[in-house]
Amino acid sequence: NYDVTTVVTTASCQHRMVLRNSIGKVLLNLSVSKGMTFELVPMEKVGAKSGGFVRFMAVEKKEVGLETFMLKVKEKEVRSLYSTLME
């Protein structure tokens with residue numbers, strides 16, 4: 001499951017990507033800033049049998065720094081997620 005949320009503050013608009021498991025526990029909580037690059041990776045490119053992938057770089061923990069993330073998404077939802085992130 002995935003959820004891309006928008007949190008509006010008085011000074012600006014902040015976007016976050018929040019991924020939760022089936023019982024609602026947060027697995028990933030990242031800030032999505034303007035200008036971030038997202039790449040749609042076809043399943044064939046990584047040897048997967050179904051679905052697709054969205055790859056991007058972000059900071060989850062300040063002490064670790066910039067990391068590469070690659071989210072596996074169901075085939076019927078991958079383009080929708082990618083489009084939402086590109087907005």
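This passage walks through a three-stranded sheet, its hairpin and the helix lying across it.

The model is a predicted one, in which local features need pLDDT of at least 70 and side-chain atom pairs count only at pLDDT 80 or more, while totals for chains, interfaces and linings use all residues. Residues are numbered from 1 along each chain as its sequence is written, and side-chain values use heavy atoms, with hydrogens and water left out.

A good place to start is the sheet. Three strands make up an open sheet in the order E4-E5-E6, with antiparallel pairing. Strands and helices are DSSP runs numbered from the N terminus (strands E, at least two residues; helices H or I, at least four), and two strands pair if DSSP finds at least two bridges between them. Strand E4 (38–41) and E6 are at the edges with a single partner strand each, so one side of each has no neighbour in the sheet. On average, neighbouring strands of this sheet are turned by 25° against each other, direction ignored. Here axes are lines fitted to C-alpha atoms, for helices over the stretch in contact, and angles run from 0 to 180 degrees between N-to-C directions.

Strand E5 (residues 52–59) and strand E6 (residues 66–73) are joined by eight bridges in the antiparallel sense. Along this pairing, Phe-53 stands opposite Lys-72 in E6, and Met-57 stands opposite Thr-68 in E6. The two strands form a hairpin with six residues between them.

Within that turn, Gly-65 has a positive phi of about 90°. Gly-65 is buried, with a relative accessible area of 18%, whereas Leu-66, found in strand E6, is exposed at 55%. Buried means under 20% relative accessible area, exposed over 50%, and partly exposed in between (1.4 Å probe, protein chains only). Gly-65 touches Ala-58 and Val-59, leaving aside residues up to four places away in sequence; contact means heavy atoms within 4.5 Å.

Leu-66 also joins Met-57 and Val-59 in a nonpolar surface patch of about 290 Å². Patches are made of residues with over 30% relative accessible area and no salt bridge (a side-chain nitrogen of Lys or Arg within 4 Å of a carboxyl oxygen of Asp or Glu); like charges are joined within 9 Å and nonpolar side chains (Val, Leu, Ile, Met, Phe, Trp, Tyr) within 5 Å. Accessible areas come from the Shrake-Rupley method with a 1.4 Å probe, and for residues only the protein chains shown count as cover.

Beyond the sheet, helix H2 (residues 78–86) lies across E4, E5 and E6, running at about 165° to E4. In the loop between E6 and H2 is Lys-74, which is exposed, with a relative accessible area of 54%. Lys-74 and Gly-52 are 22 residues apart in sequence, and 6.4 Å apart in space, C-alpha to C-alpha.
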